[in-house]
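Trainee: Please show me the sequence and the structure, and then we can talk about aromatic rings.

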Amino acid sequence: MGLSAAALLWGLPGLLLIIALHPAFSPCPAQASVPAHRDYCVLGAGPAGLQMAYFLQRAGRDYAVFERAPGPGSFFTRYPRHRKLISINKRYTGKANAEFNLRHDWNSLLSHDPRLLFRHYSNAYFPDAGDMVRYLGDFADRLGLHVLYNTTIAHVTLNKDQRAWNGHYFILTDQKGQAYQCSVLLVATGLSVPNQVDFPGSEYVDGYESVSVDPKDFVGQNVLILGRGNSAFETAENILGVTNFIHMLSRSRVRLSWATHYVGDLRAINNGLLDTYQLKSLDGLLESDLTDLAIVKDHEGKFHVTLKFFLEEGDRSADAVPLPQDDNDNFALRVAYDRVIRCLGWSFDFSIFSKSLRLSAGGELSKKYPLVKASYESKGSRGLFVLGTASHSVDYRKSAGGFIHGFRYTVRAVHRLLEQRHHGVTWPSTEHPITQLASAIIRRVNEASGLYQMFSVLADVVLLGENATAFEYLEEFPMQALAQLETITGRRARHGLFVINMEYGRNFSGPDKDVFFYDRSVGHTEDAWLSNFLHPVIYYYRHLPTEQEVRFRPAGWPLPRPTAIHHIVEDFLTDWTAPVGHILPLRRFLENCLDTDLRSFYAESCFLFALTRQKLPPFCQQGYLRTQGLVGTESLRQHGVESGLLWDYATVGRGDSGQQPGDHGPGQHPLAPGPPVSPFDSNKEEL
């Protein structure tokens, strides 16, 4: 879209934004030395890059995606090496709800086109990586996304400029020396640098990225695998049936995804070696810090494991180096190996980014990822966002933000932030009367995929209106950015708010715990706060938490301590629609927080409340009092007669018509009912 066309569509605010984002938009002629400008530059045409491109394109923004390969999804053309993905392709759920079905579709990107669901590309529960490549190619082509293929960005730096909204532009230089200028940089390059451990003899090690995948190359061999993740076990699974034995060595213990609830830990599809180890079929697992070890090669070409300090006395021939078994004949790794394979995962490639961007690694547990805020914006450079797998430092080992079924939602959250910041488009929300609050929450916790997959990271937010008569519902907001909610969304939180989140029990999972213990589940509503499995948790705040409160929240809590908190009891079917077990406790919690009655009533009940209560339930205030309609029923007529408001035709014929409404005394109400009026509705009174 050209600048003039965009200005016509967006009006004056859009025109002002274009001027801010396009310094070249001026009466002065553009000079040849000025780099090509884009409002948004996306690095990488993998799943995250294409997902962001989709949102930018749908919003009509000026963007370009830079991809070094000739097509999208280049990572999946090589990995996983044995071609089987560990992302679930669950094609059948018994439900027709598209949003619910995405909970169990771990491969599809978000789009408006139902043809672009991964279920149309593979029938396999664990699909082939080639199907992902084909899917991403169709996603980019059918949606007409703006991708510059065969364009390797070799260097990224900052150019200080006061005309830029954040005081600088991002300058991207490709392999041909072509420069591009961007106002916002969205990095979706994934993790591409193989992790390596530098120890003596590491030159003898084959890397996962290059080792043979043909089992015939390992027939009758002794194999040592360094690593303990899915790539290591995937490699072992491939050669398990042809080797003499496989030993696996790592400093950490095996973490099984079914024990930790973390999708990045060892998946059951790859863990065959655990069986052969525990059933004593020669294969085995050992724990040791790889930096303490060394590998030496003997005259037969076999590899031996020794300790690094044995080599520090000086150079020795391979057959003269001391081995641990020389002193300890029970040393576990005393056997010689034919192959040593490194499977230690990947890290983010920082090499192309100038130091001026201050894009640095995170803490000890997430040092392989760039350090970003809860909003996925770099802590070093405003306007630089990290998307996809590389953004996993926000929820590393906690949620699904490093995988397609998680980051498709965090990418959407980043786009919504950008729309508010640069285009004045507030975070999408819907407005409802307060009487619909419980039903709105129940619908989302039973359907929403973003809440379900990005548990403890993305949450729905309910902003209460004045006097709690109405509310705004915002979906999938980054929880740890709650203190900046008003700035990020453009919405105001003046009268209190609810935060709806999905959580596991805090003490349930872990590699050292038996997650299959007999009383692992909770069934009674009074014990809902002890729920272990994924379940909805609702936080109520009278005021928006401050940055200080979010930063220093209690250990293990995703949010600061609320005014009130409610757990909806876990459900075996993950179906929170039981009237007594789920809906009634939620409604009473909401009523206690709001000090109001959220039930729905017949118009007749509203009529009675109008006569007997000073404060009517919101349902009656918003419906009955405005519509002023009642159904003429015998029961209602009798109420009217007894209250002295209606004539009683039954007594008129007896000559008692002299009585007037308002006369008192037992049995003295000869009142006749007035003409019936139109009904208000047919809602039944709730529990």
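What follows is a set of questions and answers on ring pairs and on charges over rings.

Mentor: This is a predicted model, in which local features need pLDDT of at least 70, side-chain atom pairs count only at pLDDT 80 or more, and totals for chains, interfaces and linings use all residues. Residues are numbered from 1 along each chain as its sequence is written, and side-chain values use heavy atoms, with hydrogens and water left out.

Trainee: How many aromatic pairs does the structure hold?

Mentor: Rings of Phe, Tyr and Trp (its six-membered ring) pair if their centres lie within 6.5 Å; planes under 30 degrees apart count as stacked, over 60 as edge-to-face and the rest as tilted. By that rule the number of aromatic pairs in the structure is 29.

Trainee: Which kind of pair do Phe-245 and Tyr-337 form, stacked or edge-to-face?

Mentor: One pair, Tyr-135 with Phe-139, has 6.2 Å between centres and 45° between planes, and is tilted. For Phe-245 and Tyr-337 the centres are 6.3 Å apart and the planes stand at 80°, so this pair is edge-to-face.

Trainee: Is Tyr-337 buried or exposed?

Mentor: Buried means under 20% relative accessible area, exposed over 50%, and partly exposed in between (1.4 Å probe, protein chains only). The relative accessible area of Tyr-337 is 0%, so Tyr-337 is buried.

Trainee: Over which ring does the charged end of Arg-561 sit?

Mentor: A charge sits over a ring if NZ of Lys or CZ of Arg is within 6 Å of the ring centre and within 35 degrees of the ring normal. The charged end of Arg-561 is 5.0 Å from the centre of the ring it sits over, that of Trp-557.
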